[in-house]
Protein chains: 2
Amino acid sequence: MRREITGFSNPLIKRVRSLREKKHRKREGLFLAEGLRILTEAREAGFLPEMLFRCTDRDAHSLEIALEGEVLAAGGDVIETSADILSKLSGKDNPQTVIGVYREMATPLESLDRNSAQIWLVAQAMRDPGNLGTMLRTGDAVGAGGLILLDDCTDPFSVEAVRASMGAIFTQKLVQCRWDEFLPWLREGAGQLVGTSLQTDNDYQEGRYTAPCFILTGNEAQGLPEAYEAECDLLVKMPMLGKADSLNAAVATAVMAYEVLNQFRRG
Amino acid sequence: MRREITGFSNPLIKRVRSLREKKHRKREGLFLAEGLRILTEAREAGFLPEMLFRCTDRDAHSLEIALEGEVLAAGGDVIETSADILSKLSGKDNPQTVIGVYREMATPLESLDRNSAQIWLVAQAMRDPGNLGTMLRTGDAVGAGGLILLDDCTDPFSVEAVRASMGAIFTQKLVQCRWDEFLPWLREGAGQLVGTSLQTDNDYQEGRYTAPCFILTGNEAQGLPEAYEAECDLLVKMPMLGKADSLNAAVATAVMAYEVLNQFRRG
């Protein structure tokens, strides 16, 4: 259904704005994605928003018109509103022209087809939404199957994580589970578990990677717990020539993932 | 000098808090760095804060005591204050136990010794402080000499950029200049300018890199201007197997920098 909302105090605006907070997302099972680029990625991956907010103050892009048509055809709502109200929804002064409200999706670990991709990213207790979203984006680029979130990670459906994913939240499978569930599942089938760590002298370029390769990255501040490192098939380290012995977690994952991809490309 | 501040309305607290805003940083030529880890990196790199704020509510770490001694010996101030006031300075609920106020440092382009390192990172119109700080951190890890900021980049001395740099703001040289200054300087001496771009079919692993290698990364949304790409000695592309043809700018820089480092390591 298409309709117009002009008032800030409209209950739907309040409800959608509340999705910026995790407790409301979990209660509703919904999340926000912003911007035509990300919404188009979503559409191409087969995801349509239940509600699409668009700005009446600007002319619609052809991709936006196509998206609107599909949302309406699927029984969703298209809500026309002002730039000011979109600002309120997005929390940004310069809001994107479209905002979508999507149903949260999750892949149960047991239904994951590990052989559907050569690379899987695994993050343990990742705290920063920007890092989490960036890992999804990197996963998309290296042709990974998805991101497995272990233990208490930041919510992948936060506005910041979705934004940093640049749409990869829709194209990468997303699993949330505990280490105690992940490890037995992993060992039921093929899969090389590779941890990046400072507690090893193995150069990451000397490692020999085999598909499906699960690249495990630990918490930003603590790294991987020792017990998790002990279960890895291979622990490797990137050379660090500087004063600080560390890389950003999303950067370390990407450098590692490209090394694995490069080895697979060479065959 | 050592002193104690207990009131939120103390003018020094207001002044230091104002350094969270760019216009006040530029007026004072000062910036904030938070946390013992970063302040220790700074000290090891030869930088002491003009003012050091520490929390009276907690026992001091031995590194903190050593830092305090050096700050006092150098004529700086050590200000003891409460966790609440530190929170106000840092803008975080859970503040670090120490905050330092440092003088902004900059390296003029003409005094940069290009042969002092094999790798230099160059960012053009980088907008995100997290990306900028992450690039500094990556530069430190790959043994780069520094980061050259071209055109209108986000302020490298913002709290977010300094935090993301994890101290590399103190260990990497930082140059801020325009493209019209950079290019003539570059061409006066040795230096390979390598751009990462989607407008090429050259695989980044096929490129042959020579030191000093300047890795040029463009704006997060627009990439490099065409005219800048035309001046590169080499344009290369990372393989992108996903739906979206893009990587986070700081991630792309890191993947590229590690490839260059790996080639140099092989000799």
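A surface patch, as the word is used here, is made of residues with over 30% relative accessible area and no salt bridge, in which like charges are joined within 9 Å. The structure examined in these exercises is a predicted model.

**Exercise 1. Find which residues form the positive surface patch, and decide whether Arg266(B) is buried or exposed.**

Solution. Begin with the members of the patch, which are Arg208(A), Arg266(A), Arg208(B) and Arg266(B). Next, locate Arg266(B) in the chain, where its place is in helix H11 of chain B, a helix that covers residues 249-266. Finally, compare its accessibility with the cut-off: exposed means over 50% relative accessible area, and Arg266(B) therefore counts as exposed, because its relative accessibility is 57%.

**Exercise 2. Describe the surroundings of Gln263(B), and state whether it is buried or exposed.**

Solution. First, place the residue: Gln263(B), like Arg266(B), lies in helix H11 of chain B. Then apply the cut-off for burial, which is under 20% relative accessible area; with 10% relative accessibility, Gln263(B) counts as buried. As a third step, list its contacts, leaving aside residues up to four places away in sequence: Gln263(B) touches Gln205(B), Gly207(B), Arg208(B) and Tyr209(B). One of these, Arg208(B), is also a member of the positive patch. Lastly, consider Thr210(B), which is 53 residues away from Gln263(B) along the chain, while the C-alpha atoms of the two are separated by 9.1 Å.

**Exercise 3. Determine where the cis peptide bonds to Pro212(A) and Pro212(B) lie.**

Solution. In chain A, the peptide bond that runs from Ala211(A) to Pro212(A) is cis, with omega near -10°, and Pro212(A) is found in the loop between strand S9 (192-196) and strand S10. Turning to chain B, Ala211(B) and Pro212(B) are joined by a cis peptide bond with omega of about -10°, and Pro212(B) belongs to the loop between strand S9 (192-196) and strand S10 (213-217).

**Exercise 4. For Met166(A) and Ala125(B), work out what the sign of phi is and where each residue lies.**

Solution. Take Met166(A) to begin with: its phi is near 50°, a positive value in a residue other than glycine. Met166(A) sits in the loop between helix H7 (159-165) and helix H8 (168-171) of chain A, and it is buried, because its relative accessible area is 19%. Now take Ala125(B), which is not a glycine either and has a positive phi of about 50°. Its place is in the loop between strand S6 (119-124) and helix H6 (129-141) of chain B, and at 8% relative accessibility Ala125(B) counts as buried.

Definitions and conventions
Residues are numbered from 1 along each chain as its sequence is written. Chains are lettered from A and ligands numbered from 1 in the order in which they are written. This is a predicted model: local features need pLDDT of at least 70, side-chain atom pairs count only at pLDDT 80 or more; totals for chains, interfaces and linings use all residues. Side-chain values use heavy atoms; hydrogens and water are left out. Patches are made of residues with over 30% relative accessible area and no salt bridge: like charges are joined within 9 Å, nonpolar side chains (Val, Leu, Ile, Met, Phe, Trp, Tyr) within 5 Å. Accessible areas come from the Shrake-Rupley method with a 1.4 Å probe; for residues, only the protein chains shown count as cover. A salt bridge is a side-chain nitrogen of Lys or Arg within 4 Å of a carboxyl oxygen of Asp or Glu. Lys and Arg count as positive and Asp and Glu as negative; His and the chain ends are not counted. The place of a charge is taken as NZ of Lys, CZ of Arg, CG of Asp or CD of Glu. Helices (H or I, at least four residues) and strands (E, at least two) are DSSP runs, numbered from the N terminus. Buried means under 20% relative accessible area, exposed over 50%, partly exposed in between (1.4 Å probe, protein chains only). Contact means heavy atoms within 4.5 Å.
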